[in-house]
Structures are given as structure tokens and as C-alpha cells.
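The exercises below are meant for a reader meeting this structure for the first time. Try each task with the structure in view, and then read the solution step by step.

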Amino acid sequence: MIKNSTIIFGPPGCGKTYTLMEIIQEYLDNGGDPSRIAFISFTRKAIAEAIERACSKFSLTEKELPHFKTLHATAFWGLGLQSDDLMKAKDYKELGSLLGILIDSRDGVSPDDGLPQVHIGGSGKTYLDMVARARSRRIPLQQEYNEAANYTIWFAKLQQVEQQLQEYKSKMQKVDFADFIEKYIEIAEPPYLDLLIVDEAQDLTPVQWEMVNIMSKRAEKVYLAGDDDQAIHRWTGVDVNEFLEVSDTVEILTKSYRMPVEVFNLSKRIVKRIHTRKVKEFSPAKEQGSVTWHNSLASVPLDTGSWTIMARTNSYVSDFADQVRSFGFLYSIKGRPSIKPEVAEGIEIWRRLQNGERVGVYLIKNLYKNVPKQGDSAVVKRGSSTLLEAAPEDGSLNYNDLVREYGMKAPIDRSCFSIMNLGRNDRLYIEVIEESGESIMDTPRIKLSTFHAMKGGEDDNCLVYTGSTKACTESMHPDDEHRAFYVGVTRTKKNLHILESIKKYRYEI
């Protein structure tokens, strides 16, 4: 239990973020200091939305909201860590050599936090993930190993990985991503706060709950917002019971402003299957909406409107990407368009040059970065980008200028597809998109996503594929499967489409 706390249960589309902003509004109206508000969550998506809304609603700047951060970012800055303190890819590769296992690593950023994080692959990934999950759950390694029941790895080797990792970090004076929160709990001095808001609280792991508890001891008032029916991160170590039992004071938001009636009625059939949950009575939006069933993606009217196609796993999403591409539609996966932006921009720039237009120098520089510079397909001479550095930034150039002064080699009648060095399949794909009246420069109307990646999002038209996996359908935790599909169907603002799977492992809606 957390003192002076309130759980705000926010079913899908019920204005949870709006409610949290109203709480902040009341505090500020009473003379509160924005620097004494903490708004934390485990994803930067939730934090970015909170910062954007708060800055817009209260005429604040991001600097005036120093405690609007993810949990890991709060710990990183609270501990005064620097980039040099962190384990890097080379450290993991050296660790792999010491252990005699392959740790394929590269430096990157955490998709949830935007902080530096090494992306791990190879045979060592399974071992390191299990060690990290045990730490996240605050349980002994032996218990994690027994419960995971992954007997493709050896427990003796797992113990060695855990021990060697700690010894390496100690010797090199480094910390890994999991250390952020553990060390914050051990040694950090949390800020004194008037208001502590924890968003998406249903997805916190035990170690993150410990951090929240530590922070709450210096907060006058605590709000914990979330929806247990959307707790879909058990694989990270989440135990939804911690959220359900954290406070005796409860507020339930009772009106969905997203879900139309037909979608709401279908969602109730799914949510009632969840065994461990807080019953939440709420009403749908006023729109009727629709639910349509399909046996083939070809029967789905993807030619107009905004769409999100969702599936249980990344492999299914990839399969749908191939199908959508074959239909000649532009789409995106995790925000990445099916036509790379630099390719689309290069085609557009070359077409403008072919039409005799003058094009801004900064766009010409982008073109030069992405075209061939060697061999028979060379578009510009090697070193031509350097020549452009002397051109005025706010100036513009036409094709003749580029030939005369900036190393352009390609003839004016050369195909834009050749200029961007595209293969036959890519050319045909772009031609079909443009024949349908769409522009490759547009933001794709069709988005492809897993349920997990779409959580917190919404779209006018959503398609949910019922295919699943053996591991999901035969899990010891059937609530997880119900919650995943509940998240999927409740993203819809207008029309829901269900694509039935004929595979052995599928979810019955």
C-alpha cells in the first residue's frame, strides 16, 4: 500500500490522460509549483504525451517540468550517471569472450526510454534476459529458471553469466540498464514532491514498484493511473496484482470517448474472460460503429481511410506487410514507411529538376547523400557533396547549375528510379501506388503493428488478426491472451474488422 494514494482506473478511451491533466490543473490553480510535480511511466510515449499536453494546456516549457520522465530516465539523472558509466557493446562482446558464449551486441537506445541501451543478440541473449528478468521481478535466479522452464539453457551456465556480469561491471566500474532502478532504490535521494503521478501503472515490474514506493515517501499526494485489463507485459516481469492492491482509494472513469457501441459490445465478450481483474462499469461513445468479419485480407476495404492492422506477433505483422505491398498500398511499421523517406524525397527532387524547377540547396544536399557516386550508375562525381558546402544555404539550384558547378553526371532524362538505384520490384511498387492516386511523399494511411506496440494508440479503422501461437494459447496464464486481444479490439474509433485465422493456434473472439 502507498500512503495518500488513489488508483485511477481508465478503461480504453475514457480520458485517463485528460483526467490527470485536470488534477495538475487544480494543483496549479491553487498556486502549485510545476517543478514539484512528477509524472512518471515506464514508456517515453506516455511521458511525451504528458509533456505535450501539459505544455499546451498550462503554457509551460519542458524545462519547467523537470520530473516528467520515464522511470529509467528518472533513475539515470537522479543517480548523476553519464554515458561513459554504461556498459557498451564492446563490453558485452568482451563478457561473451570471458564466458565462452556469443553475445552479438550493438550500441543503441531503449525504445521505451530513449536512453542509451545495448541491443543484445546471439546465444548469450537468452541467459542475459533471464538474469535481467529475475532482477526485475526481485526473485532468486533459481526461481526464475524454474518458472521459465526453458531447459535449452543450463542453470550452471546461467549462474556463471550472472556472476561474471557482476564481476565485470565491478572491475570496469560500469552499470547496465537494469542497474539504473536498482541503484536508485539503494542510494538515490528522491525529490520532495507535492504531486506524484504514475501513468500506465499496471505495467510496472516489482523493482519499478519499489522505486515508486521510495518516491512516494516524499510526495504529498500520489495518483496511480492505468487499466489492469490492458496489462500485457507479463513477459517483462509484471505482476498485475501489485497494481490492483496498491491502494484502497479507487476512482473509475465511466465513459469511453473512443469505442463505438458495436465495438464496445464485442470487447465486453473478451474482457469478461479475464479472471484476475477489477470490474469496471463504463459506457461507450455515442457512435454506433461497426464490426465486420473477414476470411481474407483481400476483402478488407483498405483503399480509403486511415487503418491500423494488428496482429499478435511480429512475424504475422511481417506477413501482412508483404500482402499490403502486393496490393500496392503505402504503409508503415513502427513509424517506418514502406518507401524510405530519403528515397521518396530523392524521387521528388529529381522530378522537380526534370521539370526545370529550382530546388533548395538543403534538398540537393540530401539528394547527393543518397545517390550512387561510383561505377556506371553514378549520378554525381565523387566529392561533389563537398562542392555544395560553398553554396548558400538559403539558395536554390536547377539541373543546369548542378551540371555546371556541382558535379552532376546523370543526364536529365534518366529515370528517377535509376537515380535512386531502385530495383525492378521497388519500381513497380511505387508505380502502382502512384497509379492509385497516392503520393509516396504522404504519411502512410495504413499502419501495421503488434497489439503491444499499438497499446495507447487508436485509429478510425482497425483490423485485428486472430492468429496466435502455441506458447500464447497454451500458456499457464490465459489472462494474458485475453488482455492482448482486448487491447487490440479497443483501439478502434469507428470500424473494427476481424480477420479470422485458419491456423491451428488462434484466438476465438
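**Exercise 1.** In this predicted model, decide whether Glu-200 is buried or exposed, and describe its backbone and its place in the chain.

*Solution.* Begin with the accessibility: Glu-200 has a relative accessible area of 15%, and because buried means under 20%, Glu-200 counts as buried. Next, look at the backbone, where phi of Glu-200 is near 50 degrees, a positive value in a residue that is not glycine. Finally, place the residue in the chain: Glu-200 sits in the loop between strand 6 (193-198) and helix 9.

**Exercise 2.** Carry out the analysis for Ala-149, starting from its phi.

*Solution.* The phi of Ala-149 is positive, at about 55 degrees, although this residue is not a glycine. Ala-149 belongs to the loop between helix 6 (141-148) and helix 7 (155-172). Its relative accessibility is 40%, and therefore Ala-149 counts as partly exposed.

**Exercise 3.** Describe how helix 3 and helix 9 cross, and say which residues meet there.

*Solution.* Two packed helices are described by the angle between their axes and the distance between the axes. The axes of helix 3 (residues 71-78) and helix 9 (residues 206-216) come within 11 Å and cross at roughly 60 degrees, which makes helix 3 oblique to helix 9. The crossing of these two helices is left-handed. On the helix 3 side, Leu-71, His-72, Thr-74 and Ala-75 take part, and they meet Gln-208, Met-211, Val-212 and Met-215 of helix 9. Sorted by class, this contact has five nonpolar and three polar residues, and no charged ones.

**Exercise 4.** How many of the residues of helix 9 are buried, and which are they?

*Solution.* Helix 9 is mostly covered, since eight of its 11 residues are buried. The buried residues are Pro-206, Val-207, Gln-208, Trp-209, Met-211, Val-212, Met-215 and Ser-216.

**Exercise 5.** Work out the strand order of the open sheet of seven strands, find its edges, and identify a helix that lies across strand 9.

*Solution.* The order of the seven strands is 9-17-16-10-15-11-12, and their pairing is mixed. The edge strands are strand 9 (290-294) and strand 12 (336-337), each of which pairs on one side only. At the strand 12 edge, two bridges join strand 12 to strand 11 (residues 331-333), and these two strands run antiparallel; Ser-332 stands opposite Pro-337 in strand 12. As for the helix, helix 11 (residues 261-271) lies across strand 9 and strand 17 (492-499), running at about 65 degrees to strand 9.

Definitions and conventions: Residues are numbered from 1 along each chain as its sequence is written. This is a predicted model: local features need pLDDT of at least 70, side-chain atom pairs count only at pLDDT 80 or more; totals for chains, interfaces and linings use all residues. Side-chain values use heavy atoms; hydrogens and water are left out. Two strands pair if DSSP finds at least two bridges between them. Helices (H or I, at least four residues) and strands (E, at least two) are DSSP runs, numbered from the N terminus. Contact means heavy atoms within 4.5 Å. Axes are lines fitted to C-alpha atoms, for helices over the stretch in contact, and angles run from 0 to 180 degrees between N-to-C directions. Angles under 35 degrees count as roughly parallel, over 145 as roughly antiparallel, 65 to 115 as roughly perpendicular and the rest as oblique. A crossing is left-handed if the near helix is turned anticlockwise from the far one by less than a right angle, and right-handed if clockwise. Ala, Val, Leu, Ile, Met, Phe, Trp, Tyr, Cys and Pro count as nonpolar, Asp, Glu, Lys and Arg as charged, and the others, Gly among them, as polar. Buried means under 20% relative accessible area, exposed over 50%, partly exposed in between (1.4 Å probe, protein chains only).
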